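Here are a few notes to read alongside the model. I hope they help as you look it over.

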Amino acid sequence: SYGSVFTHAKAGMENVDRERVARVVYDATVGTPHHENETRKERATSKRIAAMKAKGQGMTKTEWETFGRRADERARAMERTRSGARKWLVVDMDGFYAACEELYDPALKSVPVGVAAGPSSVLTTANYVARKYGVRAAMPGFIAKKLCPDLVFVKPDFKKYVKASNESRGVFAQYNPDYIAGSLDEAYIEVTEYCEKHDTTMEAIAEEIRSKVKEATGGLTCSVGGGCSRRLAKVCSDFNKPNGQYILGTTRDDILKFLRDLPVRKMYGIGKTLERILNEFDIKTCGDLLAKRATMLALFTPKAFDFLLGIALGIGTECHPRETPEGSGGRKGVSKSETFKATADKAYLDAKMTELATEVALECQRLNLKGRMVAVKLKRSTFDVIQRQTTLAGPTNDVKTIVNSALRLMRNENSIGANMTLRLVGA
DNA sequence: ATACATACC
DNA sequence: AACTGGTATGTAT
């Protein structure tokens with residue numbers, strides 16, 4: 001499991017000794033509750049795969065032919081929506097948090113750095129020196145330390161990141177004030193109009209943005225991808241990372257050529273589990289995905305099929321999310337959760353839940369939002385997650401209502417298993 | 001509507 | 001010994 005999470009290609013990790021990383025990670029974790037839980041989840045995925053395979057094997061030749069025809073029809077229908085008229089850029093800062101820290105302490109540039117709240121919590125970023133050892137974001141600190149004993153831990157300091165983020169956003173706004181901020185270190189910018197107006201190209205703008213961002217932030221580098229949809233621009237932003245750019249042509253031919261040998265895992269939305277499932281059906285690249293469209297139609301849900309076919313053809317929403325009904329809405333949820341030393345102490349858990357649910361209510365009030373549903377998340381010492389939710393009479397952001405609902409949901413579970421030991425609660 | 005899994009940064 | 005936190009969305013019932 002860890003193998004596929006921690007060793008799959010990430011910028012700066014091309015020459016990593018994957019075997020060593022897999023071994024170190026395994027040795028450090030085998031037998032732990034977390035590892036047991038991962039194994040349990042893997043077995044669930046295996047079951048899912050087995051069911052899909054059985055379904056496929058149970059189908060007659062005629063049924064397969066029908067799926068083949070219908071998959072072709074769907075592909076033709078999707079082709080009719082291909083336009084290629086828009087120009088999207090995605091800007092992604094390189095090793096953002098770590099790079100920000102290096103800005104304030106240049107000595108960090110030459111040593112392996114991991115940004116994490118503490119030496120045993122999870123890394124938010126690793127600098128490129130650390131990545132050579134296989135250390136990367138999302139890796140627990142104690143494993144990172146095993147891979148790279150000289151790793152220097154730096155605590156995250158969001159003030160630095162917000163400042164740099166705002167500086168970079170000042171640059172994006174010059175090209176389109178309606179850019180979409182993904183996170184602090186990522187943005188989607190539509191430059192169709194800008195290219196028209198200034199008679200320029202995505203390539204030229206990408207160069208400009210990279211140099212202006214470096215200037216505005218006092219030295220941070222970023223990578224830029226370009227294409228006719230957000231999805232394609234996004235993959236391209238990773239193609240020449242760090243401090244690089246890649247602009248994909250906008251014709252069908254350019255796109256299919258690019259996708260043919262591109263591993264499916266590179267695409268936004270395909271993670272470790274879906275990659276594993278697809279691999280089981282001999283689908284490794286986006287080209288394979290297109291070739292096996294009949295299999296996908298037969299075995300995946302309609303939504304999943306549309307998603308995968310869109311990836312295979314390189315067709316995705318080219319418009320701004322505000323132009324679609326779904327994208328026009330604002331925020332959909334507010335939550336707070338906290339991990340602590342596993343305990344069954346009801347008084348402690350009650351107090352924690354009260355504290356977190358209160359914060360959620362106050363955050364809703366601050367944002368002027370009301371919710372219709374309260375959900376709690378409990379994580380047992382065994383790492384399995386329990387989620388319970390309740391629908392309220394009407395939208396609210398009242399502290400008492402939210403706290404009481406959350407407590408009731410948690411107590412319901414607690415009364416079932418008297419020995420429930422939790423390591424996280426959230427609302 | 002509810003429970004839970006997956007994915008992203 | 002030790003594996004986050006926040007948000008969104010998909011799947012299954």
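1. Gln-389 places a backbone N or O atom 2.7 Å from a phosphate oxygen of DNA strand B. That is a polar contact, meaning a pair of N or O atoms within 3.5 Å; within protein, one must be able to donate a hydrogen and the other to accept it, and residues adjacent in sequence count only if both atoms are side-chain atoms. Gly-269 has a backbone N or O atom 3.1 Å from a phosphate oxygen of this strand, and for a polar backbone atom of Thr-273 the separation is 3.0 Å.

2. A word on the basis: this is a predicted model, where local features need pLDDT of at least 70, side-chain atom pairs count only at pLDDT 80 or more, and totals for chains, interfaces and linings use all residues. Residues are numbered from 1 along each chain, chains are lettered from A and ligands numbered from 1 in the order written, and side-chain values use heavy atoms, without hydrogens and water.

3. Around DNA strand B there are 17 residues (a heavy atom within 4 Å), and Ser-183, Lys-234, Arg-388, Gln-389 and Thr-391 are the closest. Sugar or phosphate accounts for 87% of the strand's atoms within 4 Å of the protein, bases for the rest.

4. Strand 11 (385–396) and helix 13 (272–280) each supply at least two residues of this surface; strand 11 gives the largest share, four residues. Strands here are DSSP runs of E, at least two residues, and helices runs of H or I, at least four, numbered from the N terminus.
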